[in-house]
Amino acid sequence: MFASWDECIAHITETFESDDSSSIHARLRLEANPAMVWNGTSTADPNYMVVHIASPIAPADQVDLLHLAAASEDLPLGALRILNNTVHIHQALPLAGLEPERLDQAIRLAATEAHALGKEI
Amino acid sequence: MFGKKKNERVIDDWQGLQDVLIGDLDAEETGSGALQFTVEWKSEKRKRNVTVAYAPVGELGQIAYITAPIIESPRDAQVREAMEEAAKFLEGGVVFADGALSLRSSLPFQGMSRTAIIRVIRQVSANADVLAASFEEDEE
């Protein structure tokens, strides 16, 4: 389990190849697809922090977004967000109690799903 | 930093989560193995149906799929707006499930406290309701 976000981001940058990283984010190079990891904190409860994972699929104006949303419904993670005009697979994991192996698996799975949805286009 | 309150119930499996959903949120079985209930904001006279389904996913462990509908038969611009607005939320992304554009959070709940899980459920349903209300206003 991670005692803090600092421990979490250190683990991520040690485990995965990264093109760019800081104390708050890491841009990762994975075999299936790139991924971005950063942290988020609840405005209602500053003690509640999540790890955001996102992997890009395609430019939002070049795809049928409803078709992608329907296709993503069948995937284990599968929820979509548009970041910087690009559709991404997105997952938020609560940092409290998060096991490193589970985080690693979620990052790999997000990249794999984004790659799979990219083929749906 | 991540201390839990004394006597806080920790949920370890789907049975434990079902107990919480049925006992605390009056959830009912849908017939497909999922549970459904309504989250209500009485002061604002709004409510949203929420479905929680379950699946084990490899090393990720036990996942609760928390899904709250936003709008049925969305226009393309609404799909895009929902995905853009979802990027501002702490939890949830957009899927098209059971005929509705919906907000979904895939939550690895094993080891989470009852309070934390309910907080995520309420947040996802509130986020979906914000989007739904926005689209309703646009239609008026």
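Trainee: What makes S2(A) and strand S3 (residues 35-41) of chain A a pair, and in which sense do they run?

Mentor: Two strands pair if DSSP finds at least two bridges between them. S2(A) and S3(A) are joined by 4 bridges and run antiparallel, so they pass that test. One of the bridges sets A:Ala26 against A:Val37 in S3(A), and the hairpin between the two strands passes through 5 residues. The model is predicted: local features need pLDDT of at least 70, side-chain atom pairs count only at pLDDT 80 or more, and totals for chains, interfaces and linings use all residues. Residues are numbered from 1 along each chain as its sequence is written, while chains are lettered from A and ligands numbered from 1 in the order in which they are written.

Trainee: What is on the other edge of the hairpin, between S1(A) and S2(A)?

Mentor: There are 3 residues between S1(A) and S2(A). Strand S1 (residues 17-21) of chain A has 4 bridges to S2(A), again antiparallel, and A:Asp20 has A:Arg27 as its partner.

Trainee: Which residues of S2 (residues 25-29) of chain A are on its covered face, and which on its uncovered one?

Mentor: A:Ala26 and A:Leu28 form the covered face, and A:His25, A:Arg27 and A:Arg29 the uncovered one. In a regular strand the side chains alternate between the two faces of the sheet.

Trainee: Why is strand S6 (residues 86-94) of chain A called mostly covered?

Mentor: A residue is buried if 20 or more other C-beta atoms lie within 10 Å of its own, exposed if 12 or fewer, and partly exposed in between, with C-beta atoms placed from the backbone. In S6(A), 8 of 9 residues are buried. Strand S4 (residues 49-59) of chain A is joined to S6(A) by 9 antiparallel bridges, among them that of A:Ser55 opposite A:Ile89. S5 (residues 79-83) of chain A also pairs with S6(A), over 5 bridges in the antiparallel sense.

Trainee: What does S6(A) supply to the side of chain A that touches chain B?

Mentor: Contact requires C-beta atoms, placed from the backbone, within 7 Å. On that basis 33 residues of chain A are in contact with 32 of chain B. S6(A) supplies 6 residues, the largest share of the chain A side. By class, that side has 19 nonpolar, 10 polar and 4 charged residues; Ala, Val, Leu, Ile, Met, Phe, Trp, Tyr, Cys and Pro count as nonpolar, Asp, Glu, Lys and Arg as charged, and the others, Gly among them, as polar.

Trainee: How do you know on which side of H2(B) its buried residues are?

Mentor: Helices (H or I, at least four residues) and strands (E, at least two) are DSSP runs, numbered from the N terminus. In helix H2 (residues 76-86) of chain B, the buried residues are B:Gln78, B:Val79, B:Ala82, B:Met83 and B:Ala86. They cover an arc of only 135 degrees around the axis, so they are on the same side of H2(B); the arc is that of the directions from the helix axis to the C-beta atoms. B:Asp76 and B:Ala77, on the other side, are exposed.

Trainee: Why does the radius of gyration of chain B agree with a compact globule?

Mentor: The radius is taken over C-alpha atoms, and the globule rule is 2.2 Å times the number of residues to the power 0.38. For 140 residues that is near 14 Å, and chain B has 15 Å, which agrees. Buried residues make up 41% of chain B.

Definitions and conventions: Contact = placed C-beta atoms within 7 Å.
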